[in-house]
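Student: I would like to learn how the words used for a protein model are justified. Could we go through them one at a time?

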Amino acid sequence: MNPNYYVILAGVLFAIGIVGFLVRKNALVLFMSVELMLNACNLLLVSFSRVHGNLDGQVASFFVMVVAAAEVVVGLSIIVMIYRARHSASVDNENLLRY
Amino acid sequence: MTLLEGLTPVAPTGLFPLAWLMIAIPLVSAGLLLVLGKVANSFGHYVATLAPIASFVVAVALFADLLGRPEAQRAVSVPLYTWIKTGSWTIDVGLLIDPLSILFALLVTGVGSLIHVYSIGYMAHDPGRRRFFAYLNLFIAAMLVLVLSNNYAVLFVGWEGVGLASYLLISFWQHKPTAATAGKKAFVVNRVGDLGMTMAIFTMLAMFGSSSFEAVNAGASKMSPFWVTLLGLLLLLGACGKSAQVPLQSWLLDAMEGPTPVSALIHAATMVTAGVYLVVRSHAVYAETSAAALAVAIVGTVTLLAGAWIGTSKDDIKKVLAGSTMSQIGYMMLAAGIGPVAYPFAIFHLLTHGFFKANMFLGAGSVMHGMNDDVNMRHYGGLSKVMPITYYTFLMGYLAIIGTPFFSGFYSKDSIIESAYEQQPVLGALALIAAGITAFYMTRLMFMTFWSRKRWQEGVHPHESPAVMWVPLVLLAIPSVVAGMVMNAWIGSWLAPAVNGEVPPNATWLPHITVIGVITLAVVILGVVVAWLVFGRTSIPESVPYTRNVFTIAGRHDLYGDAFNEAVFMRPGEALTRGIVAVDTGVVDGAVRGSGALTVGLGGGLRKLQNGYVRSYGLTMVVGVIVVGLALVIGRLV
């Protein structure tokens, strides 16, 4: 298969993730967008691993998955706590850390 | 007439190694009184009075020893310890006891003791009495350091010490704003003089590598004319500040805000004569520079006229006496400026003036004591009946100062006028005129205070002062009368070797009748008669009479000395400081504040980025990544 397709797919996924991150308000959706971007990166790593014929990229993608899993645990619990405290998961309301 | 070489100091023997006790005793006493605090309130003044008496005893013992020595051994140098040792300079603390300094030590401790005794009565009801006596002791110690030290650097320590004591005592009643201001004024004006002193000492250190009298005396003749004249003028500036000579005279009249014993001791008998001591002590310098010596004589003449002028127009009894002090010190400076012939006369007049002026100041204090501390002579009158002892002792001082034959002032002042007339006829003539003015203002003072009709204010009941006050008056009145006769024949030959002076020819206790002497006497009588015509025959108004006489108006305003200082020094000084303040706030502070404001503005702009919206941070990151990515790509392409 032509690896270009994978690169294009990864680019599209990443762009969707960025746009989702920038335009949506719900913290959970933002989280999903971040995951989408991570997965786009994983896809690229695996693709180029295949192109180069070694396993470096696949090893790196495992790292990304593990870190993402850990991050999801922490991130989701923070979102839950915020939701309990403020009855909202909108990131626009969480603007206390401003000037 | 022989010009004698200066004395070479010999090593101390006998009592002389203990000479430092003279200084130490009052110093320790002052320290004790200040440290002990209220504990010493009940007995402090007795301790303080014993201290100068003890110093006086030591001084008399040393004086007797000196009298018994042959002439060449009458200067004793007592090394004490090394004060500063740095590089090529060594400044030793040591005492020089010679015919000049021992006379000063006797005057300071003798008159000082009497004034201490007097102060026991005068300050009896003052809550700050202990502090007062502590300061008086401090003054005695500092004054003795000044006159006994054997080099200019240590002399300067005493010089500043008496300045400090003077400041503390002028503003002793600091609850009075006038007294506090007067103290500050004396302090500030004296700083100007001290500038001259310090520069002179620096010059000596630079030229001779030492500030000791010996080194300066030896080196003065080897200096270039420019430097020796400069040194003479710098010393004169120092002397002007301390001795209230024109142009630094303005502080002395205000200094009368202090308690009267202070005026008698510091601002009449001892401290203000330190300038004369300085000039006479620096005889080797003035011997090399006729210009600086002439400057001394001119300053003295101007001051003796200015002081006498002020004395004629004041109504405050202490200010009349202060003007008179200025004037008499002017005579001494004139004598010191004339040269070796008159050095002994300068010191002679200094001593007799110390007696009769201290006597009159204490008499004035006694009068004020009886008049509820009123100093306005227009409220006095007729006091000769109610205060007989004060009156008669004051009368002795009066007769001495105007130069009545056989009284002390006659011998010393006439000698000065005569030698001035021989050396500098113009200055001599002016000094002669001032003798007439002296007679005029002192007679005016006598009329207004003791002789005319009573002009007492309501509720004032004059009475004679207690014995503790009049006994010192009597003890001072005696030398006011006889000191001239006793010392006239002796002082010239006693002092001449120490000050490189000339021995005056065949002086005896009898007045030396000369043409100038007769003219002086005539001028004095004229002054007395004029004063009698103006103040004796007519009654004296209780309020200050209106006058169009420019001389009187100028005199009442201290010859506009303050106005002059204000216009010439104070206003430009104020303008200068205002300018500097403007530069400071505008330029220096402006730069500091400007950079601060710039940082604050920058921060204010930047913090807007922290808007709290997650997506804006996300966008920033995206933009950042794109920029970095583009940079990498472009970098690769180029």
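Student: What makes the length of helix α17 (residues 388-402) of chain B agree with what is expected?

Tutor: This is a predicted model, in which local features need pLDDT of at least 70 and side-chain atom pairs count only at pLDDT 80 or more, whereas totals for chains, interfaces and linings use all residues. Residues are numbered from 1 along each chain as its sequence is written, while chains are lettered from A and ligands numbered from 1 in the order in which they are written. Helices (H or I, at least four residues) and strands (E, at least two) are DSSP runs, numbered from the N terminus. The expected span of a helix is 1.5 Å times one less than its number of residues. Helix α17(B) has 15 residues, and from its first C-alpha to its last it reaches 21 Å, close to the 21 Å expected.

Student: How do you know that α17(B) is mostly covered?

Tutor: A residue is called buried if 20 or more other C-beta atoms lie within 10 Å of its own, exposed if 12 or fewer, and partly exposed in between, with the C-beta atoms placed from the backbone. In α17(B), 11 of the 15 residues are buried, including Tyr391(B), Phe394(B), Met396(B) and Ile402(B). Just after this helix, Gly403(B) takes a positive phi of about 90°.

Student: Why does the span of helix α8 (residues 225-243) of chain B agree with its number of residues?

Tutor: The 19 residues of α8(B) should span 27 Å at 1.5 Å a residue, and the end C-alpha atoms are 26 Å apart, so the two values agree. Helix α8(B) is also mostly covered, with 14 of its 19 residues buried, and the residue that follows, Ala244(B), has a positive phi near 55°.

Student: Why is Ala483(B) called buried?

Tutor: Ala483(B) has 24 other C-beta atoms within 10 Å, and therefore it is buried. Its place is in helix α20 (residues 467-488) of chain B.

Student: Which residues is Ala483(B) in contact with, leaving aside its neighbours within four places in sequence?

Tutor: Two residues are in contact if their C-beta atoms, placed from the backbone, lie within 7 Å. By that rule Ala483(B), with those neighbours left aside, is in contact with Leu351(B), Thr352(B), Phe355(B) and Ser408(B).

Student: What do the buried residues of helix α1 (residues 21-36) of chain B pack against?

Tutor: The buried residues of α1(B), among them Met22(B), Pro26(B) and Leu33(B), pack against α2 (44-67), α3 (99-122) and α4 (129-148) of chain B. Just after α1(B), Gly37(B) takes a positive phi of about 70°.

Student: How do you know that strands β1 (residues 76-86) and β2 (residues 89-97) of chain B are paired?

Tutor: Two strands pair if DSSP finds at least two bridges between them. Here 9 bridges join β1(B) to β2(B), which run antiparallel; one of the partnerships is Val76(B) with Ile97(B), and another is Tyr81(B) with Val93(B). The two strands form a hairpin with 2 residues between them, and Gly87(B) in the turn has a positive phi of about 55°.

Student: What makes a group of residues a nonpolar core, and how many residues has the largest?

Tutor: A nonpolar core is a set of buried Ala, Val, Leu, Ile, Met, Phe, Trp, Tyr and Cys residues joined through C-beta atoms within 7 Å. The largest has 203 residues, and those with the most contacts inside it are Leu144(B), Leu334(B), Ala346(B), Ala358(B) and Ala431(B). A second, separate core of 5 residues includes Ile18(A), Phe21(A), Leu30(A) and Val91(A).

Student: How many residues of chain A are in contact with chain B?

Tutor: There are 10 residues of chain A in contact with 11 residues of chain B.

Student: How confident is the predictor in chain B, and where does pLDDT stay under 50?

Tutor: pLDDT is the predictor's confidence in each residue, from 0 to 100. For chain B the mean is 90, and 98% of the residues reach 70 or more. Over residues 1-5 of chain B, however, pLDDT stays under 50. The model as such scores ipTM 0.85 and pTM 0.80.
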